[in-house]
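Visitor: Could you walk me through this protein chain, one question at a time?

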Amino acid sequence: MEAIKREDLTENIAIIKINKSYNDGLSALELYDITRGCWKRKLESVQKAEYVLAVSFGIVKEVYKVDRWVPAYELNRETIPFDAELEKGRIGFFGSVADESFRQKYIGRDVNGLYKRGEANPVKLFLKEDICKVLPEDINIPANPEKVIVKADQRHIVCPRCHNTFADAPRCPECGQLIKV
């Protein structure tokens, strides 16, 4: 099975792990519904992702073209009952199956090499602008923040690895990257 390398991801892509929900008997609609929501991420953090790779145990099962990212309560998934408590503060997307040529580029390929050992976040972003960035291989090696925002005398950091924005802290709460202060 061919592995996907970071440099193969030339589009703005979110990889979504669906390990717990996936099985080979899912219909196309069921696969779409479990992939598109609902995920515990900030909406701003995924807005640039144009495509989503649905991944089960490291293997790409489907590729979706994202139309728009929304709060999870807007999804109205057909095969999954609405649960206001579960979907509170979560996100998802509206989209469609990607073009066949794009799907062939990714379906059946292995993404395990794109993750660090122990990395468990089910939604991981890969943005074109990050290809040229040099980040440490190990999240325990401090990295410069992508951006520092000061709001009402409180610093907010934008993680250079996952682009999550968080109140000043030594580590990104989303991906665990150690941040230089």
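Guide: Here come some questions and answers about the fold, its strands and a few residues.

Guide: This is a predicted model, where local features need pLDDT of at least 70, side-chain atom pairs count only at pLDDT 80 or more, and totals for chains, interfaces and linings use all residues. Residues are numbered from 1 along each chain as its sequence is written, and side-chain values use heavy atoms, leaving out hydrogens and water.

Visitor: In what order do the elements of the chain run from the N terminus on?

Guide: Helices (H or I, at least four residues) and strands (E, at least two) are DSSP runs, numbered from the N terminus. Here there are four helices and nine strands. Read from the N terminus, the order is β-α-β-α-β-β-α-β-α-β-β-β-β.

Visitor: How many residues, as a percentage of the 181 in the chain, are buried?

Guide: Let's settle the word: buried means under 20% relative accessible area, exposed over 50%, and partly exposed in between (1.4 Å probe, protein chains only). By that cut-off, the buried share of the 181 residues is 45%.

Visitor: Which strand pairs with E7, and over how many bridges?

Guide: Two strands pair if DSSP finds at least two bridges between them. E7 covers residues 147-151, and its antiparallel partner covers residues 154-158. Within this pair, Val150 stands opposite Arg155. The partner is E8, and the bridges number five.

Visitor: Which residue in the turn between E7 and E8 has a positive phi?

Guide: The two strands make a hairpin, with two residues between them. In that turn, a phi of about 45° belongs to Ala152.

Visitor: And which residue has a positive phi in the hairpin of E8 and E9?

Guide: E8 and E9 (residues 165-167) run antiparallel and are joined by three bridges; one has Val158 facing Thr165. Six residues sit between the strands, and the one with phi near 70° is His163.

Visitor: Is Pro160 buried or exposed?

Guide: Pro160 is in the loop between E8 and E9. Its C-alpha is 5.5 Å from that of Pro145, though the two are 15 residues apart in sequence. With a relative accessible area of 4%, under the 20% cut-off, Pro160 counts as buried.

Visitor: Which residues of H1 are buried?

Guide: H1 spans residues 28-36. The cover over its buried residues includes E1 (13-17), E2 (37-39), E3 (51-56), E4 (59-71) and E5 (91-97). The buried ones are Leu31, Tyr32, Asp33, Ile34, Thr35 and Arg36.

Visitor: What is Glu62 in contact with, leaving aside its neighbours within four places in sequence?

Guide: Contact means heavy atoms within 4.5 Å. Glu62 lies in E4 and is buried, with a relative accessible area of 10%. Its partners are Leu31, Val52, Leu53, Ala54, Val97, Arg103 and Ile107.

Visitor: Where does Phe57 sit, and is this residue buried or exposed?

Guide: Phe57 has a phi near 45°, a positive value in a residue other than glycine. Its place is the loop between E3 and E4. A relative accessible area of 60% makes Phe57 exposed.

Visitor: What about Asn76: buried or exposed?

Guide: Asn76 lies in the loop between E4 and H3 (84-87), with a positive phi near 50°. Its relative accessible area is 65%, so Asn76 is exposed.

Visitor: Which peptide bond is cis, with omega near 0°?

Guide: Look towards E2, the strand that holds Cys38. The cis bond leads into that cysteine, running from Gly37 to Cys38.
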